[in-house]
Amino acid sequence: MKIAIIMGSDSDLPVIKKGISVLKKFDVPFEIRVISAHRTPSEAEDFAVNAKDRGFGVIIGAAGKAAHLAGVLAAYTTLPVIGLPIKSSTMDGLDSLLSMVQMPKGIPVATVAIDGAENAALLAIQILALSDKVLADKLLQYKIDIANEVIEKDKKLQAEIDNL
Ligand code: RP5
């Protein structure tokens, strides 16, 4: 299954790129589109309505400011939707976060941190991994790798501690 990344504007791309790197690292097929809940609402509806039949398993909706994109996509699909709030305003992204996370009951959006593109990608991969053993094994290895990175950092710190 594929992952869809829908962003409200091409100005969101610098943040999204961090998530794309994760998807590429896990070799997961994905599509990325610019679709705006406010400026191209018909396209948002059309994408969400057809996403399941087009082979998508998860949708990531990334937007800033009055960030209704993920919620609108979720309104039109039963696929899990991950909200990625973008820090694109004068409010440090708190407006984007609250617009995404405070969904009314019945239409959940699994919202990650402001600009948390890596975690949005990882969460999407974790959802697909429920029915994909290869991905599940890659996730296990990923956890081992990031644990080893921290252990190495700690060892380096202990070796340098007298010189701090
Ligand atoms: C949102 O408004 C977009 O997701 C973007 O984060 C923000 C600004 O969009 P542009 O004015 O750069 O197109 O809809």
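**View A. Asp-137, with a relative accessible area of 37%, is partly exposed and shares a salt bridge with Lys-133.** Partly exposed covers the range between buried, under 20% relative accessible area, and exposed, over 50%, judged with a 1.4 Å probe and protein chains only. The model is predicted, so that local features need pLDDT of at least 70 and side-chain atom pairs count only at pLDDT 80 or more, while totals for chains, interfaces and linings use all residues. Residues are numbered from 1 along each chain as its sequence is written, and side-chain values use heavy atoms, with hydrogens and water left out. The N to O distance between the side chains of Lys-133 and Asp-137 is 2.9 Å, and the two residues stand 4 apart, about one turn of the helix, in α6 (residues 133-160). Helices (H or I, at least four residues) and strands (E, at least two) are DSSP runs, numbered from the N terminus. Lys-133 itself is exposed, at a relative accessible area of 60%. Helix α6 also holds Lys-155 and Glu-152, 3 residues apart, whose side chains form a salt bridge at 3.5 Å, N to O. Of this second pair, Lys-155 is exposed at 51%, whereas Glu-152 is partly exposed at 47%.

**View B. A salt bridge joins Lys-2 to Glu-31 at an N to O distance of 3.2 Å.** A salt bridge here is a side-chain nitrogen of Lys or Arg within 4 Å of a carboxyl oxygen of Asp or Glu, and the count under this rule is 5. The pair connects distant parts of the chain, since Lys-2 belongs to strand β1 and Glu-31 to strand β2, 29 residues apart. Both partners are partly exposed, Lys-2 with a relative accessible area of 21% and Glu-31 with 24%. Together with Arg-54, Lys-2 and Glu-31 make up a network of salt bridges.

**View C. The ligand is surrounded by Gly-8, Ser-9, Ser-11, Asp-12, Arg-39, Ala-63, Gly-64 and Ser-88.** A residue is listed around the ligand if one of its heavy atoms lies within 4 Å of it. Three of the side chains place a polar atom close to a ligand oxygen atom: Ser-11 at 2.6 Å, Ser-88 at 3.1 Å and Arg-39 at 3.3 Å. Of the 360 Å² of accessible area that the ligand has on its own, the protein covers 74%; accessible areas come from the Shrake-Rupley method with a 1.4 Å probe, and for residues only the protein chains shown count as cover. Ser-9 sits in the loop between β1 (2-7) and α1 and is buried at 17% relative accessibility. Apart from its neighbours within four places in sequence, Ser-9 contacts Val-34 and Arg-39, contact meaning heavy atoms within 4.5 Å.

**View D. Thr-77 occupies the loop between α3 (69-75) and β4 (81-86) and is buried, with a relative accessible area of 14%.** A polar atom of the Thr-77 side chain lies 3.0 Å from the backbone nitrogen of Leu-79; such a polar contact is a pair of N or O atoms within 3.5 Å, and within protein one must be able to donate a hydrogen and the other to accept it, with residues adjacent in sequence counted only if both atoms are side-chain atoms. When neighbours within four places in sequence are left aside, Thr-77 is in contact with Ala-48 and Ile-59.

**View E. Val-112 lies in the loop between β5 and α5 and counts as buried, at 11% relative accessibility.** Beyond residues up to four places away in sequence, the residues that Val-112 touches include Ile-82, Leu-84, Leu-97 and Leu-123. The C-alpha atom of Val-112 is 9.4 Å from that of Met-100, 12 residues apart along the chain. The loop between β5 (110-111) and α5 (117-129) also contains Asp-115, which has a positive phi of about 65° although it is not a glycine.

**View F. Asp-27, found in the loop between α1 (13-25) and β2 (30-34), has a positive phi of about 60° although it is not a glycine.** Asp-27 is exposed, with a relative accessible area of 62%.
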